[in-house]
Amino acid sequence: MNFFSLFKRNFIYKIKKKILIDNDNIKAKSLDELFHYYESDKAKIFKKKNSKGHGFSEFYTKQLIKFNNKKINILEIGSFAGSSAASFVKYFPQSQVYCFDVNISNFKYKSKNIHVYGLDINDEKKVKKKLNEIFEKNKFINFDLIIDDGSHFLSDILHSLNFFFKYLKDDGVFVIEDFKHPDYYEYNKNIDHISVEEVLSKLKNKIFFNSALLTKENQSYLMSSMKQIDIYKGNLADSDICFIKKRD
């Protein structure tokens, strides 16, 4: 990402008027209702377009039940307008959500529990520095939940799994949304590599594979660290989501 483009987007975010959600009196009780209210396409019905959304809410509700009424830290990679971040801080009122996005100029919500950073996740040096600052400032180490809803380019999905999984707490959950987009859309398959689904299958079955992005050492770490992989199909033809639980 060009430095000046990133700077411009971060500047727009700073001066842009945002919607404070801390005092919202929302009657919605379910995560799906919150996704709908804050206009996230994770809902069954995407409010913004009044059409079917991905319908990921039921899977999140099922997979994240252990976090109910707990103080948790969430990292969201790819936050766009902040709709899902707003939903999560309402659904998990004791949570803190940290948003990494290359273009935070789209972000429109704000809360004392939402923290937004304009970052290119492929710049590992800057990301590591920012993560260390977050951990030191907020007195915690690693996240309970990491959600990758970024570019959906094959290289970025694999990079996120390879890089961020080690920042997940033991017994934490790593989520990859729309992980089959590189199978459906040629422009998302931007590198010559086996699919994300094949990668997950091989890691689950402890089968090493050739990869320019995931070294044998990294594959070994993921194999030993992954406890369970659950894959679901959402409402739309291109709606696929997976939940990876880390060993405790």
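**Close-up views of a predicted model**

**View 1. Tyr 109 and its surroundings.** Tyr 109 lies in strand S6, which spans residues 109-110, and the model shown here and in the following views is a predicted one. With a relative accessible area of 6%, Tyr 109 is buried. Setting aside residues up to four places away in sequence, Tyr 109 touches Lys 18, Ile 19, Ile 21, Tyr 38, Ala 81, Gly 82, Ser 83 and Ala 86. One of these residues, Lys 18, is separated from Tyr 109 by 91 residues in sequence, yet the C-alpha atoms of the two are 5.2 Å apart in space.

**View 2. The seven-stranded open sheet.** Seven strands, arranged in the order S7-S5-S4-S8-S9-S11-S10, make up an open sheet whose pairing is mixed. In general, strands of a sheet pair through backbone hydrogen bonds, in either the parallel or the antiparallel sense. The edges of this sheet are taken by S7 (114-118) and S10, each of which has a single partner strand, so one side of each is left without a neighbour in the sheet. From one strand to the next, the twist averages 15°. Helix H5 (residues 124-138) packs on the sheet, where H5 touches S5 (96-101), S7 and S8, and the direction of H5 makes about 165° with that of S5.

**View 3. Strand S4 between its two partners.** On one side, S4 (residues 73-77) runs parallel to S8 (residues 143-148), the two being joined by four bridges, and within this pair Ile 74 stands opposite Leu 145 of S8. S4 also runs parallel to S5, to which five bridges join it, and here Asn 73 stands opposite Gln 96 of S5. Five of the five residues of S4 are buried, so this strand is largely enclosed by the rest of the structure. Its two faces are both covered, with Asn 73, Leu 75 and Ile 77 buried on one side and Ile 74 and Glu 76 buried on the other.

**View 4. The hairpin of S10 and S11.** Strands S10 (residues 226-233) and S11 (residues 240-246) pair in the antiparallel sense, with seven bridges between them. A hairpin of six residues connects S10 to S11, and among the paired positions Ile 231 has Cys 242 of S11 as its bridge partner.

**View 5. The nonpolar cores and Ile 244.** The largest nonpolar core holds 38 residues, of which Phe 100, Leu 131, Ile 146, Leu 161, Phe 164, Phe 174 and Ile 244 touch the most other members. Helix H6 (residues 154-164) supplies the largest share of this core, namely six residues. When neighbours within four places in sequence are left aside, Ile 244 is in contact with Leu 161, Phe 165, Gly 172, Val 173, Phe 174, Ile 176, Leu 200, Met 226, Gln 228 and Ile 229. A second core, separate from this one, comprises 34 residues, including Leu 64, Ile 74, Ile 114 and Ile 147.

**View 6. The packing of helix H6 with helix H8.** The axes of H6 and H8 (residues 196-204) come within 11 Å of each other and cross at roughly 30°. Because this angle falls under the limit of 35 degrees, H6 is described as roughly parallel to H8. On the H6 side the contact is made by Leu 154, Ile 157, Leu 158 and Leu 161, and on the H8 side by Val 196, Val 199, Leu 200 and Leu 203. By class, the residues of this contact divide into eight nonpolar, no polar and no charged.

**View 7. Two loop residues with positive phi.** Most residues other than glycine have a negative phi. Asn 142, although not a glycine, has a positive phi of about 70°; this residue belongs to the loop between H5 and S8, and at 17% relative accessibility Asn 142 counts as buried. Lys 206, also not a glycine, has a positive phi of about 55°, and its place is in the loop between H8 and helix H9 (216-225).

**View 8. Ile 15 in helix H1.** Ile 15 belongs to helix H1, which covers residues 3-15. With a relative accessible area of 58%, Ile 15 is exposed. Between Ile 15 and Leu 236 there is a separation of 221 residues in sequence and of 36 Å in space, taken from C-alpha to C-alpha.

How values were computed:
Residues numbered from 1 in each chain as written. Predicted model: local features only at pLDDT ≥ 70, side-chain atom pairs only at ≥ 80, totals over all residues. Heavy atoms only, no water. Core = buried A, V, L, I, M, F, W, Y, C linked by side-chain atoms within 4.5 Å. Buried < 20%, exposed > 50% of the residue type's maximum accessible area, 1.4 Å probe, protein only. Contact = heavy atoms within 4.5 Å. Pairing = 2+ DSSP bridges. Axes fitted to C-alpha atoms, helices over the stretch in contact; angles between N-to-C directions. Parallel < 35°, antiparallel > 145°, perpendicular 65-115°, else oblique. Nonpolar A, V, L, I, M, F, W, Y, C, P; charged D, E, K, R; others polar.
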